[in-house]
Amino acid sequence: MDVTSVDEVLLCADPREWRAGDSWLAGGTVIYSYGTDITRGAPRRLLDITGAGWPPLTWHHDAAGQPSLEIAATCRVADLRALADDPRPGGVHRADLPGLDLIPPVCDSFVASWKIWNVSTVGGNVATALPAGPLISLLTAWDATALILRPDGRRRRAAVADLVAGPAKTRLGYGELIRSFLVPGSSLRAQPAFRRISLTERGRSAALLIGRRTSAGSLRLSVTASVFRPVMLDLVAEAELGAHPGAVRADAAAWRVAVDRAAGRWYDDIHGDPAWRRLMTHRLGDEILAELLPGAATGVDAAAGRITGDLRIERSAA
Ligand SMILES: Cc1cc2nc3c(=O)[nH]c(=O)nc-3n(C[C@H](O)[C@H](O)[C@H](O)COP(=O)(O)OP(=O)(O)OC[C@H]3O[C@@H](n4cnc5c(N)ncnc54)[C@H](O)[C@@H]3O)c2cc1C
């Protein structure tokens with residue numbers, strides 16, 4: 001679709017060149033499908049960042065040789081999807097990074113097909129900030145931080161969970177450009193669980209929950225799609241609660257109260273009624289508790305072994 005407000009398109013990934021009326025252009029799958037920039041309004045200039053030459057995926061290693069991952073904002077969804085099939089990601093055995101098992105079901109959570117994956121970018125998904133943005137779900141579940149370039153030449157970092165403020169709203173300031181996302185190695189080494197539901201098979205996500213085991217008796221849960229902005233909860237089994245002040249008990253009744261409070265209200269559009277999204281969030285969260293903390297989470301016996309929804313982690317990294 002033509003973006004009729006645009007007078008000029010230039011190759012530029014330098015925020016110091018930013019002017020009022022500019023929009024960053026990455027894969028263009030949002031800008032060209034809506035015919036405008038839904039986050040900022042009609043752009044006069046498009047600054048195309050795809051020629052920046054940023055390597056899509058970069059591994060960093062700590063002193064112990066443990067890898068962490070940097071994903072360029074311009075990394076295409078297709079490049080990220082291919083990482084799940086790399087037998088030696090970051091130079092380690094694939095089985096040592098079970099967090100990468102989340103990538104296939106997350107990519108399949110796009111309504112967009114693999115044809116769109118070949119152009120759409122990770123940064124574009126986060127910056128668009130749709131509730132059903134699957135890469136927002138993945139990056140928040142991984143506790144990723146965004147590295148942001150500013151028009152004054154400086155840089156800042158922000159947790160992806162904080163960067164997304166609401167539907168099509170981020171906390172990116174004037175002219176700020178996401179350079180990359182930093183994923184801690186500990187998130188990739190932790191055991192994940194994934195659940196998502198849609199009104200139609202392979203349709204727009206109505207609720208998408210990811211859990212990551214953080215110890216024998218605790219997990220971090222990220223809730224997206226059913227809520228206006230990502231909700232993160234630390235859920236801890238009774239025996240470990242003393243060591244985690246402020247955490248929520250890993251119990252069906254307790255965590256449901258906590259997520260209701262944190263969500264405030266439930267997202268409402270054609271892809272799911274808010275009351276249904278709330279019930280599905282509860283159901284999917286119970287399943288994640290039962291899966292990641294078997295025997296330790298309470299009140300979730302009925303959810304044990306149950307997988308609701310159309311997508312799942314298909315292959316074990318073992
Ligand atoms: C058929 C179809 C189905 C789709 N299904 C889904 C879906 O289920 N869920 C979903 O979330 N999206 C969906 N999309 C939308 C889109 O494909 C994704 O959100 C995609 O990841 C956007 O990336 P992009 O590179 O194409 O963004 P662009 O269109 O290039 O940019 C989108 C926005 O992000 C800004 N931006 C891009 N990169 C940066 C950066 N590095 N720093 C700061 N701002 C930046 C742009 O200025 C613009 O405001 C779908 C699109 C199509 C065509």
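How many Å separate the centres of domain 1 and domain 2, taken over C-alpha atoms? I looked that up before anything else, and the centres of the two come out 20 Å apart. I should jot down early that this is a predicted model.

**Domains.** I then checked where the domains run. The assignment gives domain 1 as 8–48, domain 2 as 57–187 and domain 3 as 191–303. Next I looked at who takes part in the contact between domain 1 and domain 2: twelve residues come from domain 1 and 21 residues from domain 2. I sorted the domain 1 side of that contact by class and got seven nonpolar, four polar and one charged residues.

**Whole chain.** I went through the secondary structure and found ten helices and 15 strands in the protein chain. The radius of gyration is 19 Å, and the globule rule gives 20 Å for 318 residues, which is close, so I put the chain down as being as compact as a globular protein of that length. Along its principal axes, the C-alpha trace spans about 60 × 50 × 35 Å. Buried residues make up 46% of the 318 in the chain. I also looked at contacts with a separation of 6 or more, and 63% of them join residues 24 or more positions apart.

**Ligand.** Which residues come nearest to the ligand? Out of the 32 residues around it, they are Ala 26, Gly 27, Gly 123, Gly 124 and Asn 125. I noted the elements that give two or more residues to this shell: β2 (22–25), α1 (31–34), α5 (122–128) and β10 (177–183). α5 gives the most, with five residues. By class I got 17 nonpolar, 13 polar and two charged residues in the shell. Why do I say the ligand lies between domain 1 and domain 2? Both of these domains give residues to the shell around the ligand, so that is where I place it.

**Two odd backbone angles.** I went looking for positive phi at residues other than glycine. Ala 168 is one case, with a phi of about 60°. I found Ala 168 in the loop between β8 (164–166) and β9 (169–170). Is Ala 168 buried, partly exposed or exposed? I counted 18 other C-beta atoms within 10 Å of Ala 168, so I wrote it down as partly exposed.

Arg 202 also has a positive phi of about 60° and is not a glycine. Arg 202 sits in the loop between β11 (192–198) and β12 (205–215). Arg 202 has 12 C-beta neighbours inside 10 Å, so I entered it as exposed.

Note on methods. Residues are numbered from 1 along each chain as its sequence is written. This is a predicted model: local features need pLDDT of at least 70, side-chain atom pairs count only at pLDDT 80 or more; totals for chains, interfaces and linings use all residues. A residue is near a molecule or strand if its C-beta atom, placed from the backbone, lies within 6 Å of it. Helices (H or I, at least four residues) and strands (E, at least two) are DSSP runs, numbered from the N terminus. Ala, Val, Leu, Ile, Met, Phe, Trp, Tyr, Cys and Pro count as nonpolar, Asp, Glu, Lys and Arg as charged, and the others, Gly among them, as polar. Domain bounds come from an automatic or database domain assignment. The radius of gyration is taken over C-alpha atoms; the globule rule is 2.2 Å times the number of residues to the power 0.38. A residue is buried if 20 or more other C-beta atoms lie within 10 Å of its own, exposed if 12 or fewer, and partly exposed in between; C-beta atoms are placed from the backbone. Two residues are in contact if their C-beta atoms, placed from the backbone, lie within 7 Å.
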